[in-house]
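Me: I am new to this structure and would love some help finding my way around. Could you take a close look at a single part with me?

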Amino acid sequence: MNYVFAVAVLAFALSTSAFAQQGQAQQGQQGQQPQQGRGQGGGGGRGQRGPAAPAAPTPRRPDGKPWIGSAAGQKPGRWNGGPTTLPQGILEKVPFQPWARAVYDQRQIDQFEPHTRCKASGVSRQFSTPYGTEFVDMEKDLKRIYILDMGGPNSYRIIYMDGREHPKDFTPTNYGHSVGHWEGDTLVVETVGLNEKFWMDTRGTPHTDKLKFTERFTRTDMNTLQYQATIDDPGTYTAPWTTGVFTMRWAANVDPFEYICQDNNHGPELMLGSQTEIDNTKFFVP
Amino acid sequence: MKFARLFFIFALLIAAAVSVAAQEGHPLTGTWYGDFGMTTGQRNDLTVILKWDGSNVSGLVNPGPNVVPIKSARMDVKLGTPAQRGERGGQGGAPATPSQFSVHFEVDAKSKTGAMDHFVFDGKIENPVAGNRTMVGNWTCGNNKGDFRLRRL
């Protein structure tokens, strides 16, 4: 009887590990694709040697506006290298309220980031997701642009481009409510209705549900997307402030793929407690 | 008795819902549950709901039929020195010493005799950026005093 049970357990363990390895291999293959893409078109990806070839010009839609993401009729791609620290280079100028500065500093020590617990993380945090971020421009047909997470919780944000206003009353969410418009070649996106269940960047720049987050996307050539954000959150800062300009790089010829954040997660301690102990007192992942 | 039990469960569910709605914002915001007492053997349940509105902290104690609004509350921070994270974090090279988050709140509650008791709670948040942060400290009420310990749900 014990022998049968042991065989059953062993078989289950083998099938589980084989499944996990399969997923890991698949992720590994996908993870290599952006590197191949970076080498094309002279985008200046990391590790590239020799002088970079000039990048192709900004791809444009029939109406003359830039394709922020993949161009219709071409192979899809995505953007890598989003901002990891919104206050980068201007930390001492950020008008933190005292509590917010203390929280920011503390988060440099204790990194309990919700993203590592597979939580959807909105606004700029969406662009420092592993394996990049894809824009799906459906403005012509649906008056929407979608932003797809890859290595995060496999979710997406909708940017409404139909001129609508934000709802007067709503329940705050991780991605909030985004509306966009064009200012010349720059896509300007304003997001409100954000909850407090995520960090705005990987370093824990704090916010409250009073946040209004304005993003400016400018595709300066085929391989370069400039990104700048203005943070207006009277619950956290004494005045609105604007980040520096961050640069994301295009990874060509890569398709989105299924990524289940919970599978093969290498940070289980971050899902259930501190970095030094497991906390099972909650019945949900905090 | 049955009603009281149902009510307790309902209050816990409400408290959990409130805490789920606010995880990573102001460290005080959310629902805190624990106890207070004069000795380790004599404890009383204590539930505190706190909310940061951008400039002030407000809240309730023991939501339910005996709910009491918080008369005043505040959190004071004493900044530590940030950890070195290199240029990307824009931090200096000083060793990490944590900031201190102290908490003060006052409550007027009716006693069993009908008189109003004035409670003063002073404590600190022990792990302010963790989801399961705790608040510990001492309380006074007239000549009575003791300690309290709360964990954010």
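Does Cys118(A) count as buried, partly exposed or exposed, and why?

Reply: Happy to help, and please keep in mind that this is a predicted model. Cys118(A) counts as partly exposed, because 19 C-beta neighbours lie inside 10 Å, while a residue needs 20 or more to be called buried.

Let us see where this cysteine sits. Cys118(A) belongs to the loop that runs between helix 2 (98–109) and strand 2 (133–138) of chain A. Leaving aside residues up to four places away in sequence, Cys118(A) touches Pro153(A), Cys261(A) and Gln262(A). You can also look from Cys118(A) towards Thr84(A): the two are 34 residues apart in sequence, and their C-alpha atoms are 17 Å apart in space.

The contact with Pro153(A) gives us a starting point for a walk to Asn154(A), which lies in the turn of a hairpin and has a positive phi of about 60°. That hairpin is formed by strand 3 and strand 4 of chain A, with six residues between them. Strand 3 covers residues 144–149, and five bridges join it to strand 4 in an antiparallel arrangement. Within this pairing, Ile147(A) stands opposite Arg157(A).

Strand 4 of chain A, residues 156–160, deserves a slow look. In general, the side chains of a regular strand alternate between the two faces of the sheet. Here, Arg157(A) and Ile159(A) point to one face and are buried, whereas Tyr156(A), Ile158(A) and Tyr160(A) point to the other face and are not buried. Strand 4 of chain A also pairs with strand 5 (residues 177–183) of chain A, this time in parallel and through two bridges. There, Tyr160(A) stands opposite Val179(A).

For some context, you can turn to chain B. Chain B has one helix and eight strands, and from the N terminus the helix comes ahead of the strands, in the order α-β-β-β-β-β-β-β-β. The eight strands close into a barrel in the order 1-2-3-4-5-6-7-8, with antiparallel pairing. On average, neighbouring strands of this sheet are turned by 30° against each other, direction ignored. As one of the pairings, strand 4 (residues 68–78) and strand 5 (residues 100–110) of chain B are antiparallel over eight bridges, and Ala73(B) stands opposite Phe105(B). Of the 153 residues in chain B, 29% are buried.

How values were computed: Residues are numbered from 1 along each chain as its sequence is written. Chains are lettered from A and ligands numbered from 1 in the order in which they are written. This is a predicted model: local features need pLDDT of at least 70, side-chain atom pairs count only at pLDDT 80 or more; totals for chains, interfaces and linings use all residues. Two strands pair if DSSP finds at least two bridges between them. Helices (H or I, at least four residues) and strands (E, at least two) are DSSP runs, numbered from the N terminus. Axes are lines fitted to C-alpha atoms, for helices over the stretch in contact, and angles run from 0 to 180 degrees between N-to-C directions. A residue is buried if 20 or more other C-beta atoms lie within 10 Å of its own, exposed if 12 or fewer, and partly exposed in between; C-beta atoms are placed from the backbone. Two residues are in contact if their C-beta atoms, placed from the backbone, lie within 7 Å.
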